[in-house]
Structure formats: C-alpha cells, structure tokens
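Student: I am new to this structure. Please take one covalent link and look at it closely, then go on from there to the other parts worth knowing.

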Amino acid sequence: MATGSTNHKNGKGEVHLIEVGTGRQIAHFDHGSILREVAFSPDGRLLASVSNDGLQAGSVLLVEMSTGRELARIAHDAYVEALTFSPDGQKLVTGSSGGGARLFETRTWQQLLHVDRNSKINSVDWSPDGQFVAIGGDDGMARLIEAKSGRELFHVAQKRPVRAVRFNRDGKLLAAGDGSFADRAGEAILIEVATGRILARFPQDQVNSIAFSPDGAAMLTLSDNSAQLHSVFDTPQNLVNAAKNRAARCLTQGQRMEYFLPAAPPIWCIELRLWPYHGDEWQIWLPMRKAWLASDRRGQEPPLPKAE
C-alpha cells in the first residue's frame with residue numbers, strides 16, 4: 001500500500017510504502033511540496049507520485065517496487081493534475097494545468113508524445129486495449145486520443161469543466177463527468193467509443209470521480225455531496241431483459257386496444273408468466289404464435305386465448 005501526504009512542518013511531500021499485513025513502513029520518499037496523487041502500475045512493478053512544486057511547476061516521481069530505488073523524476077512546466085499507467089504498465093500518461101498531456105515509455109522514460117490543449121486537463125484514462133487515451137479538461141471537452149499518433153478521434157462538448165473520464169471494462173464505453181464550482185451542478189454521460197455518440201445522461205451535482213464495477217454492469221459517480229450508482233447495459237438485449245424484469249405488469253387486452261396496440265401481447269409477457277398472461281392456455285398458444293411469426297405471417301393468425 002502507498003500513501004501520499006504533505007508534511008506541514010517542513011512543507012515537503014512524502015510518499016510512504018506500507019506493508020498491508022503488518023502496517024509496517026517499508027520505504028519513504030520525499031517528493032516536492034504538495035503531493036497530489038500516487039498510483040501503482042498494473043503489474044505492480046512501479047509506483048508513481050505527483051507533486052506540485054510551486055511556481056506553476058510539477059513533477060512525477062517513479063520508484064521501482066522490488067528495490068525501492070528511485071528511477072526517475074520527470075519535471076513538468078505546469079502543475080500535474082492527473083496520471084495513469086497503460087494497462088500493460090509500459091507507458092504513463094500525465095495531464096497538466098498547462099493543457100498538455102504527455103506520454104512516456106516506462107523503461108527509458110523517454111517522452112513519446114505531447115498532446116497540447118489550451119485548457120487545464122483534469123483527468124486522463126487508458127482504454128483497456130492500450131490504443132486510446134481519454135482526457136477531460138476545463139474547456140468542457142471529453143476527448144479521445146489515439147495513443148500511437150496523438151491524433152484526436154473525437155471530442156464531446158459539455159457545458160461545464162470535465163473533471164473525470166473513465167473507460168468501461170471492454171473499452172466500448174467512455175464515461176465523462178462534469179461540474180461547476182459556481183452552481184454545483186453537473187452530470188455524467190456515457191459515450192459510445194466507436195462513434196463518439198452520447199448514449200445516456202445522468203444529472204448530478206458536480207461529478208468529481210467515476211468508477212465502473214468489475215462486471216461492468218454498474219457505474220458509480222461521486223461528487224462533493226453525493227454518490228450515485230447507475231445501471232449500465234452493454235447490449236440492447238441486456239437493456240430489454242432488465243426492462244422485462246422491472247415491469248410491474250403487462251397491459252390487458254382491453255388496455256392494449258385502448259392504446260391502439262395489437263391485441264396479441266408481447267411474447268416476453270407469456271414467457272415470464274406475467275399477469276394476465278400467466279395461465280397454461282397462453283403457454284399452449286405461445287409456440288403457435290412463434291411459428292406463425294417465423295413463417296412471415298403466412299396463413300391465419302392463431303386465435304388468442306380468453307384473457308382473465
């Protein structure tokens with residue numbers, strides 16, 4: 001476990017490595033003045049910490065976990081607001097208050113890419129396959145960047161600064177959360193990565209952080225005052241299944257006629273034995289209905305059972 005803090009006695013940032021089983025401190029590092037974040041690489045090989053060092057400058061400290069040896073200190077000409085490792089641990093991306101996202105190789109610490117934007121970057125995230133980087137900034141943009149070339153594939157404009165971006169587990173969805181200190185309002189959105197299309201909006205007060213559940217079925221959004229859990233449907237069929245399970249009941253045949261709907265109920269009402277289509281007579285009728293539909297509606301439609 002790693003913790004980061006600022007020592008108010010000497011004004012230095014400090015990183016502490018803690019043994020989880022015993023609580024014993026294994027190692028300690030000084031880093032800058034205001035320590036903002038610490039992160040492990042996915043393979044556990046590296047530890048990175050971010051410090052803002054005054055005069056609009058920042059740095060990233062890299063430590064080798066197996067030896068506790070300091071590998072590099074990467075200086076930035078602006079405050080470092082966010083960082084994250086690639087899924088394979090071979091690359092690191094940072095976002096700064098100067099509007100730049102910088103990508104480094106984690107063995108030589110050579111800078112591979114610099115994506116320059118005119119507004120502070122608040123959040124960065126890698127896609128699970130390592131091909132894309134998402135960035136969110138004060139300009140209200142959630143951007144998708146191709147990691148190899150730095151080319152921007154799309155951006156989605158929001159009304160407020162984007163404070164959090166996060167890919168779901170298969171990389172098909174990108175969540176972005178925005179918010180304003182002025183009115184404390186915000187929202188989270190779900191974006192389809194393949195098209196850049198907004199699929200859903202979730203109003204909330206200022207969204208500061210987003211996380212997906214391990215199975216990808218839920219998304220948690222956090223603000224200063226609330227946490228909200230949202231269902232995520234990665235396929236249309238999963239959405240349909242959830243709607244079926246939550247339906248209070250199916251419409252009667254009379255109600256269907258009242259709303260100018262066909263008298264025949266949806267097949268799922270019968271498959272789930274939902275009232276008023278729960279009787280055995282509907283189970284007998286169902287195969288005939290399916291066969292008629294499969295025949296492209298040739299012949300006479302099977303007569304409906306008498307509804308209760």
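Tutor: The link of C250 and C269 is left-handed, with -100 degrees about the S-S bond. It connects distant parts of the chain, as C250 and C269 are 19 residues apart. C250 sits in the loop between α1 (236-246) and α2 (253-258), while C269 belongs to helix α3, which covers residues 267-271. Keep in mind that this is a predicted model. The distance from S to S is 2.0 Å, and a pair of cysteine sulfur atoms counts as a disulfide when they are within 2.5 Å. In general terms, such a link is a covalent bond between the sulfur atoms of two cysteines. The structure holds one disulfide.

Where do the two cysteines stand, buried or exposed? The cut-off for buried is under 20% relative accessible area. C250 has 3%, so C250 is buried. C269 has 1%, so C269 is buried as well.

Further along the chain there are aromatic rings to look at. Two aromatic pairs are present in the structure. In one of them, Y277 and W282 meet edge-to-face, with 4.9 Å from centre to centre and 90 degrees between the planes. Both Y277 and W282 are buried. The other pair is W282 with W285: the planes stand at 85 degrees, so this pair too is edge-to-face, and the ring centres are 5.3 Å apart. W282 and W285 lie in helix α4 (residues 280-294), and because they are three residues apart there, about one helical turn separates them. The relative accessible area is 0% for W282, which is therefore buried. W285 has 1% and is therefore buried too. Through these ring pairs, Y277, W282 and W285 are linked into a cluster.

A buried strand comes next. Strand β17 spans residues 173-179, and seven of its seven residues are buried, so β17 is largely enclosed by the rest of the structure. Its side chains can be sorted by direction: L173, A175, G177 and G179 point one way, whereas L174, A176 and D178 point the other way.

β17 has strand partners as well. Strand β16 (residues 162-167) pairs with β17 in the antiparallel sense, over five bridges. One of the residue pairs here is V165 with its bridge partner A176 in β17. β16 and β17 make a hairpin with five residues between the strands, and G171 in that hairpin takes a positive phi near 75 degrees. Strand β18 (residues 185-192) also runs antiparallel to β17, and seven bridges join the two. In this pairing, L174 stands opposite I191 of β18. β17 and β18 form a hairpin too, with five residues between them, and R184 in the turn has a positive phi of about 60 degrees.

Earlier in the chain there is an open sheet. It is made of four strands, ordered β12-β13-β14-β15, with antiparallel pairing. At its edges are β12 (121-126) and β15 (152-157), each of which pairs on one side only. On average, neighbouring strands of this sheet are turned by 15 degrees against each other, direction ignored. Five bridges pair strand β13 (residues 132-137) with strand β14 (residues 141-146), again in the antiparallel sense. Within that pairing, G136 has A142 in β14 as its bridge partner.

One residue from a strand earlier still completes the tour. R102 is part of strand β10, residues 100-105. Its relative accessible area is 18%, so R102 is buried. What does the side chain of R102 reach at 3.2 Å? That distance leads to the backbone oxygen of A75. A polar contact of 2.7 Å also joins the side chain of R102 to that of Q111. Leaving aside neighbours within four places in sequence, the residues in contact with R102 include A75 and Q111, along with H76, L92, V93, T94, L113 and H114. S66 is 36 residues from R102 along the chain, and the C-alpha atoms of R102 and S66 are separated by 26 Å.

Definitions and conventions
Residues numbered from 1 in each chain as written. Predicted model: local features only at pLDDT ≥ 70, side-chain atom pairs only at ≥ 80, totals over all residues. Heavy atoms only, no water. Buried < 20%, exposed > 50% of the residue type's maximum accessible area, 1.4 Å probe, protein only. Contact = heavy atoms within 4.5 Å. Polar contact = N/O pair within 3.5 Å; in protein donor to acceptor, adjacent residues only side chain to side chain. Pairing = 2+ DSSP bridges. Axes fitted to C-alpha atoms, helices over the stretch in contact; angles between N-to-C directions. Phe/Tyr/Trp six-rings, centres within 6.5 Å; stacked < 30°, edge-to-face > 60°.
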